[in-house]
Amino acid sequence: MKPGGTFKALPFAARCAIVQFGFAGVVALAWAIRHESGAILLVRLIVLLLFATVTARLKVQLYRGATISFLTAIVLMAVIRDGAAVSIITAVWGVIVQTLFPSRKLILHRLVFNSGMIALTAGASSWAFHSLATNNPSIQLIPGGILATILAAFVYFAGNSISISFIVALTQHVSIVDISINHFIYAAQSFLIAGLLAFFPVVLTNTSLRFMPVAVNLVIVYAYYCSVRHAARQSVA
């Protein structure tokens with residue numbers, strides 16, 4: 001999200017929404033940390049943050065300041081392997097990197113909205129994944145919880161695209177439906193592939209065929225790259 005001008009220049013409804021998103025993001029992170037079922041592994045978190053730093057820069061533009069990047073796969077990997085707190089921290093850090101670089105210019109209200117939005121989205125994705133993977137016995141019919149991964153990817157896409165469409169509609173005085181359909185619906189497939197890209201390394205590391213993780217992941221990475229480029233072209237068409 002990249003609204004132009006200063007915070008005071010934005011419509012009143014947009015300013016209220018930005019403040020609410022920021023507050024809700026802080027609450028989501030605090031709630032996730034308090035209810036974390038296990039200890040946060042510092043080494044794993046640092047590795048995720050390093051990957052988030054790199055992948056956040058590999059992005060394409062969907063609509064003005066709205067982008068899609070390989071960060072999505074890293075956040076979904078955190079969703080699968082860790083709890084909501086790690087997922088939110090990873091997502092927020094990646095968004096901070098995207099917001100501050102390469103311009104190195106801090107636009108506070110943009111950072112507040114992006115951080116709050118992604119915190120809520122990552123938290124919702126984590127809740128969706130672990131609810132389905134933990135509480136549904138039939139999930140065992142799907143190897144490694146791939147159905148839960150698909151649900152988490154869909155929730156991540158919905159939370160991201162609806163939130164950005166909403167704030168763009170408020171700031172630009174356009175239809176939220178038009179923004180969603182014309183600029184974000186084409187990215188749905190990219191979020192699904194990002195979920196698979198996050199899921200398969202977890203499963204394939206346990207296989208006896210050591211070359212399979214690399215081979216399969218390269219195929220998924222290529223498919224993800226193609227889907228992201230396709231989404232970018234369609235959104236600006």
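## The loop between H6 and H7

His173 sits in the loop that joins helix H6 (146–172) to helix H7. Its backbone is worth a look in this predicted model: His173 has a positive phi of about 55°, although it is not a glycine. Is His173 buried or exposed? His173 counts as exposed, because its relative accessibility is 65% and the cut-off for that label is over 50%.

## Into helix H7

Just along the chain from that loop, Ser175 appears at the start of H7. A side-chain oxygen of Ser175 comes to within 3.2 Å of the backbone nitrogen of Val177.

Helix H7 itself covers residues 176–184, and its buried residues include Ile179, His183 and Phe184. Where do these residues lie around the axis of H7? They are on the same side of H7, because the arc they cover is only 75°.

## How confident is the prediction?

Over the protein, pLDDT averages 78, and 71% of the residues score at least 70. Which elements mark the two ends of the range? Helix H1 has the highest mean pLDDT, at 93, while strand E1 (residues 59–63) has the lowest, at 54. You may like to keep those two values in mind while browsing the model.

## Helix H1 and its aromatic partner

H1 runs over residues 12–34. With 23 residues at 1.5 Å a residue, H1 should span 33 Å, and its end C-alpha atoms are indeed 33 Å apart, so the expected and computed spans agree. Several of its residues are buried, among them Ala14, Ala17, Ile18, Gly22, Gly25, Ala28 and Ala32.

Phe21 is another buried residue of H1, and it brings us to the aromatic rings. A pair of aromatic rings is described by the distance of the centres and the angle of the planes. The count here comes to 3 aromatic pairs. One of them joins Phe21 and Phe113 in an edge-to-face arrangement, with 4.9 Å from centre to centre and 75° between the planes. This pair links distant parts of the chain: Phe21 belongs to helix H1 and Phe113 to helix H5 (residues 108–135), 92 residues apart. Phe113 is buried, as is Phe21.

Elsewhere, Tyr156, Phe157 and Phe191 form one aromatic cluster.

## Ser125 in helix H5

Helix H5 also holds Ser125. Ser125 has a relative accessible area of 0%, so this serine is buried. What surrounds Ser125, once neighbours within four places in sequence are left aside? Ser125 is in contact with Val79, Ala152, Val155 and Tyr156. The last of these contacts, Tyr156, is also a member of the aromatic cluster with Phe157 and Phe191.

## Helix H4 and Ala91

H4 is mostly covered, with 13 of its 17 residues buried. From first C-alpha to last, H4 reaches 24 Å, close to the 24 Å expected at 1.5 Å a residue.

Ala91 has its place in this helix, which takes in residues 84–100. With a relative accessible area of 0%, Ala91 is buried. Setting aside residues up to four places away in sequence, Ala91 touches Leu71, Val75, Ile118 and Ala122. Thr72 lies 19 residues from Ala91 in sequence, yet the two C-alpha atoms are 8.1 Å apart in space.

Methods:
Residues numbered from 1 in each chain as written. Predicted model: local features only at pLDDT ≥ 70, side-chain atom pairs only at ≥ 80, totals over all residues. Heavy atoms only, no water. Helix = DSSP H or I, 4+ residues; strand = E, 2+ residues; numbered from the N terminus. Buried < 20%, exposed > 50% of the residue type's maximum accessible area, 1.4 Å probe, protein only. Contact = heavy atoms within 4.5 Å. Expected span 1.5 Å × (residues − 1). Phe/Tyr/Trp six-rings, centres within 6.5 Å; stacked < 30°, edge-to-face > 60°. Arc of directions from axis to C-beta. Polar contact = N/O pair within 3.5 Å; in protein donor to acceptor, adjacent residues only side chain to side chain. pLDDT = per-residue confidence, 0-100.
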